[in-house]
Amino acid sequence: MQMSLDGYAEGPDQEVHWPVVDEELCEAFLDELRSAEVFVYGRKTFEIMAEFWPYADADPAISPFYVEFARCWKRTPKLVLSRTLRDPGWNTRVIADDPAAEIAALRSGGTGPLFVFGGAQTASYFLEHDLVDEYRLFVHPLLLGGGVPLFPGPLHTSGLQLVDTMTFDSAVVQMHYQAGQVA
């Protein structure tokens with residue numbers, strides 16, 4: 001999840017194009033993304049990704065890293081939580097009804113890692129339904145001053161274990177936490 005230093009996932013006008021998501025940042029977790037069984041998206045984030053990644057590996061000017069990221073994106077099955085999206089293409093299925101039950105079934109069925117990409121609404125949904133095992137927060141060095149907070153309400157944070165942090169040249173800081181046992 002991308003967030004501003006003041007805790008917002010979207011800017012004041014539902015802006016979502018402000019994060020610095022560069023090659024260095026993406027390269028840090030590409031190996032982990034390769035291990036994913038499924039990528040799970042909120043509709044808005046999926047639509048942003050689907051505008052670029054299906055065609056990126058055909059661009060002769062693009063870096064080898066982005067070619068590999070595009071290939072990973074295309075081959076990995078995707079689920080999109082949406083009541084409005086139809087015919088998403090690109091190895092993607094839409095979940096419109098009871099996504100929590102479907103995600104819980106995938107998790108309990110021995111499916112490998114599920115990586116969730118989305119905005120504040122998607123994050124809130126997963127938190128509300130206790131479907132988060134790990135948090136990877138990318139904190140960007142800017143203050144949006146308003147918008148949609150990543151965590152809109154009080155959270156129960158006991159049991160979170162810091163796994164690692166990483167600072168990028170762009171001054172973005174990644175914090176990786178695992179959800180532990182709640183005491």
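**Group meeting: a walk through the two sheets and the cores**

Hi everyone, let's start with a helix: H4, residues 99-108, lies across strands E3, E4, E5 and E6, and its direction is about 130° to that of E5. Before I go on, please keep in mind that this is a predicted model.

So what is H4 lying on? The strands beneath our attention here make up an open sheet of 4 strands, ordered E5-E4-E3-E6, with parallel pairing. At its edges stand E5 (92-95) and E6 (114-117); each has a single partner strand, so one side of each has no neighbour in the sheet. On average, neighbouring strands in this sheet are turned by 25° against each other, direction ignored.

Let me zoom in on one pair. Strand E3, residues 38-42, and strand E4, residues 78-81, run parallel and are joined by 4 bridges. If you want a place to look on your screen, find Phe-39: its bridge partner in E4 is Lys-78.

Two residues further along the chain you can pick out Tyr-41, which has plenty of company. Setting aside neighbours within four places in sequence, Tyr-41 touches Lys-78, Leu-79, Val-80 and Leu-81, and also Phe-46, Met-49, Trp-73 and Phe-117.

That leads us to the interior. Which residues have the most contacts inside the largest nonpolar core? They are Leu-33, Phe-39, Tyr-41, Phe-46, Trp-53, Phe-69 and Trp-73, in a core of 28 residues. Helix H1 (23-34), strand E3, helices H2 and H3, and strand E6 each give at least two residues to this core. H3 supplies the largest share, with 7 residues. Apart from this core there is another one, of 18 residues, and its members include Val-38, Leu-81, Leu-131 and Tyr-135.

Now for a loop. Where does Asp-57 sit? You will find Asp-57 in the loop between helix H2 (43-56) and helix H3 (64-75). Its side chain makes a polar contact with the side chain of Lys-74, at 3.0 Å. Beyond neighbours within four places in sequence, Asp-57 is in contact with Val-67, Ala-70 and Arg-71 as well as Lys-74.

On to the cysteines. How many disulfides does the structure hold? The number is 0. Take Cys-26: the closest cysteine sulfur to its own is in Cys-72, and at 11 Å that is too far for a bond. Turn it around and Cys-72 has Cys-26 as its closest, at 11 Å, again too far. As for their surroundings, Cys-26 counts as buried because its relative accessibility is 5%, and Cys-72 is buried too, with a relative accessible area of 2%.

Finally, the other sheet. This open sheet has 4 strands in the order E1-E7-E10-E9, and here the pairing is mixed. Its edge strands are E1 (2-4) and E9 (160-167), each with a single partner strand, so one side of each is left without a neighbour in the sheet. Here too, neighbouring strands are turned by 25° against each other on average, direction ignored.

For a close-up, look at E7, residues 134-140, and E10, residues 173-179: they run antiparallel, and 6 bridges join them. One spot to click on is Glu-134, whose bridge partner in E10 is Gln-178.

That's my tour. Thanks for listening, and do have a look around for yourselves!

Notes. Residues numbered from 1 in each chain as written. Predicted model: local features only at pLDDT ≥ 70, side-chain atom pairs only at ≥ 80, totals over all residues. Heavy atoms only, no water. Pairing = 2+ DSSP bridges. Axes fitted to C-alpha atoms, helices over the stretch in contact; angles between N-to-C directions. Contact = heavy atoms within 4.5 Å. Disulfide = S-S within 2.5 Å. Buried < 20%, exposed > 50% of the residue type's maximum accessible area, 1.4 Å probe, protein only. Polar contact = N/O pair within 3.5 Å; in protein donor to acceptor, adjacent residues only side chain to side chain. Core = buried A, V, L, I, M, F, W, Y, C linked by side-chain atoms within 4.5 Å.
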